[in-house]
Amino acid sequence: MAWRRTAVHRRGQRPVTSGGIVIVPMRRRHLKSVVAIEQQVFPTPWSLSLYLSELTMGGTRAYFVAITGNEVVGYAGLMLAVGEGHVTTIGVSPRWQRHGIGRRLLLELAETARKRGAEDLTLEVRVANTGAQALYHDFGFAPAGIRKNYYAEVHEDALIMWAHDIQSDDYKRRLEIVAAEALGSGDLAAPDDAPVDETSDAPGEGT
Ligand SMILES: CC(C)(COP(=O)(O)OP(=O)(O)OC[C@H]1O[C@@H](n2cnc3c(N)ncnc32)[C@H](O)[C@@H]1OP(=O)(O)O)[C@@H](O)C(=O)NCCC(=O)NCCS
């Protein structure tokens, strides 16, 4: 992703609800949980202060969290500039991966990018991160080049991916198909070891 470090490899206002998951704008009160997930899925996690800074740039940013019950289980972000949307980050709690949450989050980013006038979407992903690449492929992202040693801390190259013409009817239809799959999957039963989170976190509220 843009400025995204490599992932540790292991297996607006409108809340989108399905199977007990809601996608809502990221707020300051989510950041403790977001950073906790960051620390599990990325070797060089973004800090709380970096997320705080991102949240102050609402005009060119869009960040979302996925919540089930009171637990933040994933998050994703988008940077918007001159007609393009750049996926800056996406992460799902390890115990919640492969439950369709990444797909839901990326859907929210793609819909937001369309609403905010972007023509194209781009991101960087570690060359070896084939799981994430499979997810991006479903959203029309195709490889467009390599950034050598982009993830210098682990000496890995980044694959640059683009999804073009996201305002087109074809892309709209693609998102509708992904949304139908995502919202109809119902594959969101809590993992066996899901913890009980006592923190209060009603989706869709302000900071
Ligand atoms: C990448 C990531 C965000 C995906 O989130 P997720 O909630 O697990 O993904 P989903 O369950 O929505 O997967 C949707 C589709 O993407 C593909 N996919 C996702 N993870 C995959 C994996 N590990 N291996 C193969 N395919 C994968 C599959 O096609 C999957 O559909 P399926 O489960 O019906 O086969 C998550 O694995 C993660 O947080 N990884 C660590 C951080 C990271 O790598 N971020 C991306 C940095 S560029």
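At what angle do α3 and helix α5 pack, and how far apart are their axes? I looked this up first in the model, which is a predicted one. I find an angle of about 150 degrees between α3 and α5 (residues 169-184), with the axes 10 Å apart. Because angles over 145 degrees count as roughly antiparallel, I enter α3 and α5 as roughly antiparallel to each other. The crossing in which α3 passes α5 is left-handed. I then listed the residues that meet: R103, R104, L107, A110 and E111 on the α3 side, and L175, V178, A179 and A182 on the α5 side.

**Entry: overall content**

I noted five helices and eight strands in the protein chain. Read from the N terminus, the order of the elements is β-β-α-α-β-β-β-α-β-α-β-β-α. The protein chain has 207 residues, and I record 37% of them as buried.

**Entry: strand β6 and its partners**

I turned next to β6, which spans 120-126. Is β6 largely enclosed or largely open? I enter β6 as largely enclosed by the rest of the structure, because five of its seven residues are buried.

On one pairing, I find strand β5 (residues 84-92) joined to β6 by three bridges, and the two run parallel. Following the chain from β5 to β6, I pass through helix α3 (residues 101-115), and I record this β-α-β crossover as right-handed. Within the parallel pair, I see H86 standing opposite T122 of β6.

I also looked up the pairing of β6 with strand β8 (residues 156-163), which is antiparallel and extends over six bridges. Here E124 stands opposite I160, a residue of β8.

**Entry: N129**

I located N129 in the loop between β6 and α4, the latter covering 130-138. I class N129 as partly exposed because it has 18 C-beta neighbours inside 10 Å. From N129 I checked the distance to A158: the two are 29 residues apart in sequence, and their C-alpha atoms are 9.4 Å apart in space.

**Entry: helices α1 and α2**

How do the axes of helix α1 and helix α2 cross, and within what distance do they come? For α1 (residues 31-41) and α2 (residues 48-55), I find axes that come within 10 Å and cross at roughly 125 degrees. I therefore describe α1 and α2 as oblique to each other. The crossing of α1 past α2 is right-handed. The contact is made by L31, V34 and V35 from α1, together with L48, Y51 and L52 from α2.

**Entry: H30 and E71**

I looked up H30, which is found in the loop between β2 (21-25) and α1. Is H30 buried or exposed? I count H30 as buried, because 22 C-beta neighbours lie inside 10 Å of it and the threshold for a buried residue is 20 or more. Setting aside neighbours within four places in sequence, I find H30 in contact with V65 and V72. H30 and V65 are 35 residues apart along the chain, yet a separation of 7.8 Å lies between their C-alpha atoms.

I then moved to E71, which lies in strand β4. I record E71 as partly exposed, because its C-beta neighbours inside 10 Å number 18. Its C-alpha is 8.1 Å from that of S33, although E71 and S33 are 38 residues apart in sequence.

**Entry: positive phi values**

Which value does phi take in V82? I read a phi near 30 degrees, which is positive in a residue other than glycine. I place V82 in the loop between β4 (71-81) and β5. V82 is exposed, because 6 other C-beta atoms lie within 10 Å.

I made the corresponding check for N149. N149 is not a glycine, and its phi is positive at about 50 degrees. I find N149 in strand β7 (residues 142-151). With 12 C-beta neighbours inside 10 Å, I class N149 as exposed, because the cut-off for exposure is 12 or fewer.

Technical notes
Residues numbered from 1 in each chain as written. Predicted model: local features only at pLDDT ≥ 70, side-chain atom pairs only at ≥ 80, totals over all residues. Helix = DSSP H or I, 4+ residues; strand = E, 2+ residues; numbered from the N terminus. Pairing = 2+ DSSP bridges. Right-handed = clockwise from strand over helix to strand, strands pointing away. Axes fitted to C-alpha atoms, helices over the stretch in contact; angles between N-to-C directions. Parallel < 35°, antiparallel > 145°, perpendicular 65-115°, else oblique. Left-handed = near helix turned anticlockwise from the far one by under 90°. Contact = placed C-beta atoms within 7 Å.
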